[in-house]
Amino acid sequence: MRAAALPVLMLAGLLAGCGAHQVPMAYNTALVTAKSAAAKPVVEVLSVADTRKYTGTHLGAIRGGYGNALKTLETAQPVKEVVRQAFSEGLAARGLLAPGNGGRYGLDVTVEKLDCSQLIRREAHARFQVSVLDKTTGRPVYTRTSDDSRVDPGNLVETGVLGSVEDLRKLTNDSMQAAIDDALDNPAFLAVIGAR
């Protein structure tokens with residue numbers, strides 16, 4: 001009787017890890033290497049729009065052999081709020097974030113992609129379209145798309161219900177960070193706002 005109960009208990013333990021997992025996504029300001037000598041706090045984040053297929057809090061999933069979602073990853077706040085906070089922290093770390101609504105320039109950010117998945121290998125993607133508006137004229141003065149894609153080959157042991165939510169979350173967070181850094185460190189962006 002006990003021998004039959006052990007597999008059932010093991011299966012119940014594995015299935016308990018299935019379902020939705022709320023994961024933190026945060027910009028790491030410690031990774032910003034240095035502020036430009038010409039940096040001035042002249043930029044604010046005006047708006048962030050989420051145009052992904054799955055909007056809201058959805059990031060992605062660890063999938064089973066039939067492509068079925070076993071563990072879904074979701075943010076605590078809507079993704080557009082996570083991205084707004086990350087861009088604000090990235091600007092602040094570079095000495096570019098204007099206090100309150102006092103920026104001469106405003107960023108309009110569109111989240112075109114921020115997602116992840118795992119069948120065997122882990123994948124994460126981030127793509128943001130960033131437009132800079134001159135607030136005195138209301139006209140766009142710069143637009144660029146920044147993106148990042150990452151693939152971790154994974155292994156056959158850490159798949160399905162044994163897949164690590166934390167490893168997939170970290171890969172996704174790193175992709176978001178890299179795409180934001182690409183946007184905010186771009187020489188053309190810095191030239192437009194007078195930080196270069």
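## Strand β5 and its parallel partners

Val45 has Leu107 of β5 as its bridge partner. That pair is a handy place to start in this predicted model, since it leads straight to β5. Strand β2, covering residues 43-50, is joined to β5 by seven bridges, and the two strands run parallel.

Strand β3 also runs parallel to β5, and three bridges join them. Here you can look for Gly60, whose bridge partner in β5 is Cys116.

## The antiparallel side: β5, β6 and β7

Leu107 also stands opposite Val132 in β6, so to speak a second link to follow from the residue that pairs with Val45. Strand β6 spans residues 122-134 and is joined to β5 by 13 bridges, with the strands antiparallel. The two form a hairpin that has three residues between its strands.

From β6 you can step on to β7, residues 139-152, through an antiparallel pairing of 13 bridges. Arg127 and Asp147 of β7 stand opposite each other in this pairing. The hairpin of β6 and β7 has four residues between the strands, and Gly138 takes a positive phi near 75° there. As for solvent cover, β6 is mostly hidden, with eleven of its 13 residues buried.

## A closer look at Thr110

Thr110 belongs to strand β5. Is Thr110 buried or exposed? Thr110 counts as buried because its relative accessible area is 19%, and the cut-off for buried is under 20%.

Which residues does Thr110 contact once its neighbours within four places in sequence are set aside? They are Ala49, Thr51, Arg127, Phe128 and Gln129. Of these, Arg127 is the residue already met opposite Asp147 in β7.

## Arg94 in its loop

Arg94 sits in the loop between α2 (79-93) and β5. With a relative accessibility of 5%, Arg94 is a buried residue. If you trace what surrounds Arg94, leaving out residues up to four places away in sequence, you find Tyr27, Val32, Lys35, Ala39, Asp181, Leu184 and Asp185.

Pro41 makes a useful reference point for the same loop residue. Arg94 and Pro41 are 53 residues apart in sequence, while their C-alpha atoms are 8.9 Å apart in space.

## The largest pocket

If you are thinking about empty space in the model, the largest pocket holds about 200 Å³. Two elements, β3 (58-63) and β5 (105-118), each give two or more residues to its lining. The biggest share comes from β5, with six residues.

How many residues line the largest pocket? There are 14, and those that lie nearest the centre are Lys53, Tyr54, His58, Leu59 and Asp115. Sorted by class, the lining has six charged, four polar and four nonpolar residues.

## The chain as a whole

Stepping back, the protein chain has four helices and seven strands. Read from the N terminus, the elements follow the order α-β-β-β-β-α-β-β-β-α-α. Along the principal axes, the C-alpha atoms fill a box of roughly 75 × 30 × 25 Å.

Of the 196 residues in the chain, 41% are buried. The chain exposes about 10200 Å², and carbon and sulfur atoms supply 55% of that area. For contacts with a separation of 6 or more, 75% are between residues 24 or more positions apart. The parallel pairing of β2 with β5 and the approach of Arg94 to Pro41 across 53 residues are two places to start exploring on screen.

Conventions. Residues numbered from 1 in each chain as written. Predicted model: local features only at pLDDT ≥ 70, side-chain atom pairs only at ≥ 80, totals over all residues. Heavy atoms only, no water. 1 Å grid on protein atoms, 1.4 Å probe; cavity = no way out; pocket = protein on both sides within 12 Å on 5 of 7 lines; lining within 4 Å. Points joined across faces, edges and corners; volume = space filled by probe spheres on them. Nonpolar A, V, L, I, M, F, W, Y, C, P; charged D, E, K, R; others polar. Buried < 20%, exposed > 50% of the residue type's maximum accessible area, 1.4 Å probe, protein only. Contact = heavy atoms within 4.5 Å. Areas by Shrake-Rupley, 256 points an atom, 1.4 Å probe, with all protein chains shown as cover. Pairing = 2+ DSSP bridges.
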